[in-house]
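Visitor: I would like to go through this model and ask how each description is justified.
Guide: Go ahead; here it is.

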Amino acid sequence: MNSVYAQRRARLAAQLGPHAVAIIPTAPERPRNRDSDFPYRHDSYFYYLTGFTEPHAWLVLTGDGHSTLFCQPKDLEREIWDGYRLGPEAAPGALGVDAALAVGELDARLPRLLENHSAVWYPFATHSGLAARVEGWLAPVRARVRFGALCPTQQNDLCVLLDEMRLVKDTHEQDVMRRAAQISAGAHVRAMQTSAQMLRAGQDVREYHLEAELLHEFRRHGAQSVAYNSIVAAGANACVLHYRADTAPIRAGELVLIDAGCELDGYASDITRTFPANGQFTGPQRALYDLVLASQEAAIAATRAGARFTDPHEATVAVLAQGLLDLGLLDKTKVGTVQDVIANRAYFPFYMHRTGHWLGMDVHDCGSYVEPAEIGQVSQRRDPLSGEIIQDRPSRILRAGMVLTIEPGLYVRPGADVPAQFHGIGIRIEDDAIVTDTGCELITRGVPVKADDIEALMR
């Protein structure tokens, strides 16, 4: 396993330049309240290069490939309270780094490690105070120039290099993400079935009951955490995009939207399913659900290597726009043709988010959405709704190994021009896709997506 991280460090070092140094900190611990921290979660960039999950750690990597880890020293008294530490002595053997030192030596050692290098790389705007610390380490280097020392003259954003590396997932990453997706799919199945079973038994069912089923299934299969706060939205709550699981009752005849995924070994999964609380869609629910599913199928068909990142979204919008006209949610006499609906974004009151995002170590993973080779090609347009001038650049060209979500939705809030049978219905269907040369691999279909299959599962 260490070879995976060593290979990544070597790839990064080759891009730094021969006389450069990169500095990568992990995340700080964050207090929750008095004498209690939030559960610790490492920094994604740091973990990508080390596989190390302890706090108070730094990686220093030089352009010739030499790696130095700074970490907490062994301390038997503190380990009684806070847990075991790897320590600098064991770190090279355990992690494959070239050297390891106690983190208390960081400020004393960094000026010497920076001396006689031409450039320093670190992640910009990701760690509060990091730029000031780098300046502090450079000050004593500059003070030694009278003795012949060279001080770095360039500071570069390490995110530029690491984002591109992380955007295309290697086979190890894909395997972990498939497992995370499998666990999360099982959790959604469990929540669906629990909803129907509790309602059939005449029990009081709340959003938090289903959230509890999700969390139990995540941990039961070894996931360390949720990848993000779980959304369990009953009835009209599904029209709130970032709703949190709360105390609202789950009622027969209403839909439930669950957007939840686990994090496994540092990698996120992200699944949304919308299902009838008692296992049986009503006519209006089924009509909207089938429309959203058809739009997702169009987006899936548009997801393949060589396509643009925006292609799935455009495919989704085309299907949703026609469906909104067909179902009477948009009035043809007021909004015009389907082309008019798309051009004027008349669908926006019902569909206000994009169809996907990058997925990886972070649920909204790093990586540019603009094609790097075409970044200079800029066009302007005026947004038909806000009137704002938008700067458009060519969308990213998808490559095999990129991972993204495909998540269309419809959210129908009550309105004078909105048919009453659709009021308060919110639907989103989300799957995780690994881009391949011929299409994409959906890794989250362990939970049903077709309406008939959902009803069969819940029976």
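Visitor: How do you know that the span of helix 11 agrees with its number of residues?
Guide: This is a predicted model, in which local features need pLDDT of at least 70 and side-chain atom pairs count only at pLDDT 80 or more, while totals for chains, interfaces and linings use all residues. Residues are numbered from 1 along each chain as its sequence is written, and side-chain values use heavy atoms, with hydrogens and water left out. Helices (H or I, at least four residues) and strands (E, at least two) are DSSP runs numbered from the N terminus. The expected span is 1.5 Å times one less than the number of residues. Helix 11 has 16 residues, 311-326, so 22 Å is expected; its end C-alpha atoms are 23 Å apart, which agrees.

Visitor: Which residues of helix 11 are called buried, and what covers them?
Guide: Buried means under 20% relative accessible area, exposed over 50%, and partly exposed in between (1.4 Å probe, protein chains only). Among the buried residues of helix 11 are Pro312, His313, Val317, Leu320 and Leu324. Their cover, judged by contact (heavy atoms within 4.5 Å), includes helix 10, helix 12, helix 13 and strand 18.

Visitor: Why is Asp265 called partly exposed?
Guide: Its relative accessible area is 37%, which is neither under 20% nor over 50%, so Asp265 is partly exposed. Asp265 lies in the loop between strand 12 and strand 13, and has a positive phi of about 50 degrees although it is not a glycine.

Visitor: What makes Arg345 buried or partly exposed?
Guide: At 22% relative accessible area, Arg345 is not under the 20% limit, so it counts as partly exposed. Arg345 also has a positive phi, of about 55 degrees, without being a glycine. Its place is the loop between helix 13 and strand 15.

Visitor: Why is helix 8 called oblique to helix 14?
Guide: Axes are lines fitted to C-alpha atoms, for helices over the stretch in contact, and angles run from 0 to 180 degrees between N-to-C directions. The two axes come within 9 Å and cross at roughly 60 degrees. Angles under 35 degrees count as roughly parallel, over 145 as roughly antiparallel, 65 to 115 as roughly perpendicular and the rest as oblique, so helix 8 is oblique to helix 14. The contact includes Val189 and Met192 of helix 8 and Ile454 and Leu457 of helix 14.

Visitor: How do you know that strand 4 and strand 5 pair?
Guide: Pairing requires at least two bridges found by DSSP. Strand 4 and strand 5 are joined by 4 bridges and run antiparallel, so they pair by that definition.
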